Amino acid sequence: MPIRLQQNEVINFWRLSHGVGLPSQAWLNANARAIALAAAGVSERTHDLLQERYGADLNRLIVNDPFRLHADLDAFSFASAAFLYHRSTTRNPDLLARACIYKAIRDLTASGSVHFDRRYALKTAESLAALEPQALSRAWDEMLSRGEVVERVLDGVPRGALSRHAREEHDISDAIFTRRGADCVADPDDDVLAARLAAAGCLV
């Protein structure tokens with residue numbers, strides 16, 4: 001498995017189950033993934049969940065895209081994903097940049113807000129890893145081109161949102177107006193209402 005392991009990590013894992021002696025090469029080959037995950041702070045229970053979910057594809061994800069595991073499973077932390085990324089022999093800086101942006105977005109929208117200041121999100125992402133601002137800007141542009149995020153300028157501020165969050169907000173607002181119509185506001189004013197919805201990212 002192309003993940004660099006340190007000697008003390010191997011010995012510590014071996015001693016948890018065997019106590020004394022030294023592991024054979026065959027044992028090391030068979031347990032490399034479990035050792036790497038344990039070194040990254042991943043519990044045995046989370047390892048089992050990963051195995052159940054990804055099966056034979058798990059090794060590939062650990063090596064090539066550990067941040068996917070964090071995105072899919074709350075029990076798999078960003079710190080664990082970053083640890084595995086830096087230990088991999090096939091690191092992709094563009095992958096790290098996108099992962100840091102996603103982490104920043106998750107933190108900035110944790111309170112329930114859909115939209116965020118794009119500039120602040122990239123600055124937050126920059127603090128998560130030793131990345132150049134240009135690399136993060138390229139990653140953001142790629143996410144835009146893939147349709148993973150949307151961006152609008154509101155009150156002179158470039159606001160971003162995950163595309164799926166923007167779609168969900170749009171669908172919810174449509175459902176409210178379809179079911180309640182004009183009764184949803186005490187004194188409906190189409191122009192004012194449209195402006196407010198646009199500012200909230202509910203109109204496209």
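Helices (H or I, at least four residues) are DSSP runs, numbered from the N terminus. The model is predicted: local features need pLDDT of at least 70, side-chain atom pairs count only at pLDDT 80 or more, and totals for chains, interfaces and linings use all residues. Residues are numbered from 1 along each chain as its sequence is written, and side-chain values use heavy atoms, with hydrogens and water left out.

**Exercise 1. Find where helix H2 is kinked, and state what its buried residues pack against.**

Step 1. H2 covers residues 25–39. Its kink is about 60 degrees and is centred on Asn-31. The bend at a residue is the angle between axes fitted to the seven residues ending there and the seven starting there.

Step 2. List the buried residues (under 20% relative accessible area; exposed is over 50%, partly exposed in between; 1.4 Å probe, protein chains only). In H2 they are Trp-27, Ala-32, Ala-34, Ile-35, Ala-36 and Leu-37.

Step 3. Find their partners. They pack against H1 (7–18), H3 (44–54), H4 (58–64) and H6 (78–87).

Step 4. Look past the helix end. Gly-41 follows H2, with a positive phi near 85 degrees.

**Exercise 2. Describe the largest nonpolar core and identify the helix that gives the most to it.**

Step 1. Apply the criterion: buried Ala, Val, Leu, Ile, Met, Phe, Trp, Tyr and Cys residues joined through side-chain atoms within 4.5 Å. The largest such core has 40 residues. Phe-67, Leu-69, Phe-76 and Ile-101 have the most contacts inside it.

Step 2. Assign the helices. H2, H3, H4, H5 (66–72), H6, H7 (93–108), H8 (118–128) and H9 (133–146) each supply at least two residues of this core. H7 gives the most, with eight residues.

Step 3. Take Phe-67. Leaving aside neighbours within four places in sequence, Phe-67 is in contact (heavy atoms within 4.5 Å) with residues including Phe-78, Tyr-85 and Leu-95.

**Exercise 3. Set the salt bridge of Glu-9 and Arg-87 beside that of Arg-146 and Glu-142.**

Step 1. Count. A salt bridge is a side-chain nitrogen of Lys or Arg within 4 Å of a carboxyl oxygen of Asp or Glu. The whole structure has 11.

Step 2. Place Glu-9 and Arg-87. Their N to O distance is 2.7 Å. The pair links H1 to H6, 78 residues apart. Glu-9 is buried at 15% relative accessible area, and Arg-87 is buried at 12%.

Step 3. Place Arg-146 and Glu-142. Their closest N and O atoms are 2.7 Å apart. Both lie in H9, four residues apart, about one turn of the helix. Arg-146 is partly exposed at 48%, as is Glu-142 at 25%.

Step 4. Extend the second pair. Salt bridges with shared partners join Arg-98, Glu-142, Arg-146 and Glu-148 into one network.
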